[in-house]
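Please examine the sequence and the fold shown below. The report that follows is meant to be read beside them.

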Amino acid sequence: MKRVTLLLIAFALCTAAYAQLTLEQCHQLARDNWPLIKQYGLIEQSSSYTLSNLKHSWLPQVNLSAQATYQNKVPSFPEQMQNMLVGGGLEMKGIAKDQYRVQADVSQRIFDGGKASSEQAIAQAQDAEQRAQTDVDLYNLNKRVDELFFGVLLMDERIKQTNLTLEMLNGNLEKLQSHVRNGIATTADESHLKAEILTLEQSRDNMEWARTSYRQMLEVMIGESLNGRQLIKPHDIEPSTTVVNRPELRLIDAKIGTLDAREKAINASVMPVVSLFGQAFYGYPGYNTFEAMLNRKWSLNALVGIRAQWSLSSLYDRKNNLSKLTTARQQAELQRDIFLLNNHLEVVRENNEISRLRQLIKSDATIVELRGNVRRAEESKLRNGIIDIHSLVEKITDENVAAQSQIIHNIELLKTIYELKNTVNQ
């Protein structure tokens, strides 16, 4: 029995936890649901293929070929020498004009001056840059989620306050209708109060439509239904530091990393490439030309050696290419400075906005309290038979407007705090 009770309690806690949804959970759900998240896997696959291909450059390079040719002239002995050989009983046919070859060429690089390693470094740097760009794109989702999340919270609070005001008006309507029956008040007073109630109900209906719209768009963003789930209002705690930790800065670092890798590749391009090579072919004529003149049989031939290749043309553009990289680095650093400046301006603006809202919220409570006192005084007059419906409606409206302003300022404060958190990524 005790075990069943514990299981029921655990199930109830899990159900309650699922029914609640925080802003941070919405951020993560939106990130996981967004199609761009698949980009990470695609980047990894593409990078692995590129690096694998680059590693293959150190494997032996094998080329197979076959050819058949016919030429109008071939090497041969002078006619006098031919006559001497024939006189000596040796017939020298000479090289045939039709020639055949089936050949295999093998080359093994043993030194490339860092070309392969620099190309791998470029591939890895580009991979990091693409990941950083994806981080930036996904990070921008937070703002869109915040707009919808706080939109829902704002509508929830405003609808709740509107319902309280409607309860207040309906309560006063009952008192007024009693006075109408007793001949103290007129039906015009009753109609005026009913019209005010209907107007406020229309306003509430508009808020409910707006809340439904916000919730539906948030559902699309996070990929989950919000039916039966409550959005939890976050705390109004400002970030502990304004040190900027935005993914845009990491993207700039990644771009500079790619430029560094390209500089190494430029320096490596002017280095010689040394490789071992071998060549073997079966055909006619072979390397032994004299034997090929005596008989026209196919033979197996082979040679091995070492080769050094140095492309001096890469030296022509090296200086300009390095200068272009230097300019690109300067542009990246300028982008960093511009981003940090704009970011700092946003931090200053948001901090000032937070201070302004906190000051307004302090006075909001006092205003709501004072408006409530005035409204209660008017309600007291109504209870005592002093009828001034226009004045009562005005006082109730004033209190509702003050309460709505307090709600708006509270939600705006939370939203601005999270804008600040987003600005510095804290």
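This report describes a sheet, two nonpolar cores and one buried residue in a predicted model.

## The antiparallel sheet

An open sheet is built from 4 strands, arranged in the order S2-S3-S5-S6 with antiparallel pairing. Strand S2 (61-70) and strand S6 (299-309) occupy the edges; each has a single partner strand, so one side of each lacks a neighbour in the sheet. On average, and with direction ignored, neighbouring strands of this sheet are turned by 20° against each other.

## Pairing from strand to strand

Starting from the S2 edge, S2 is joined to strand S3 (residues 98-111) by 10 bridges, and the two run antiparallel. Within this pair, Ala66 lies opposite Val102 in S3. On the next step across the sheet, 11 bridges connect S3 with strand S5 (residues 273-284), again in the antiparallel sense. Here Gln108 has Leu276 of S5 as its bridge partner.

The last pair is that of S5 and S6, which run antiparallel and are joined by 11 bridges. Ala280 has its bridge partner in S6, namely Ala302. As general background, side chains in a regular strand alternate between the two faces of the sheet.

## The nonpolar cores

The largest nonpolar core comprises 35 residues, and Leu218, Ile222 and Leu231 are those with the most contacts inside it. At least two residues of this core come from each of helix H2 (23-33), helix H6 (141-181), helix H7 (187-222), helix H10 (314-383) and H11. H6 provides the largest share, 10 residues.

With neighbours within four places in sequence left aside, Leu218 is in contact with Cys26, Val145, Leu148, Phe149, Leu226 and Leu231. A second, separate core has 15 residues, including Leu166, Met168, Leu176 and Ile396.

## Asn422 in helix H11

Asn422 is located in helix H11 (residues 389-424). Is this residue, Asn422, buried or exposed? The relative accessible area of Asn422 is 6%, which is under the 20% cut-off, and the residue is therefore classed as buried.

Which residues are in contact with Asn422, leaving aside its neighbours within four places in sequence? They are Tyr139, Asn142, Lys143 and Arg246. H11, the helix that holds Asn422, is also among the helices that each supply at least two residues to the largest nonpolar core.

Notes: Residues are numbered from 1 along each chain as its sequence is written. This is a predicted model: local features need pLDDT of at least 70, side-chain atom pairs count only at pLDDT 80 or more; totals for chains, interfaces and linings use all residues. Side-chain values use heavy atoms; hydrogens and water are left out. Two strands pair if DSSP finds at least two bridges between them. Axes are lines fitted to C-alpha atoms, for helices over the stretch in contact, and angles run from 0 to 180 degrees between N-to-C directions. Buried means under 20% relative accessible area, exposed over 50%, partly exposed in between (1.4 Å probe, protein chains only). Contact means heavy atoms within 4.5 Å. A nonpolar core is a set of buried Ala, Val, Leu, Ile, Met, Phe, Trp, Tyr and Cys residues joined through side-chain atoms within 4.5 Å.
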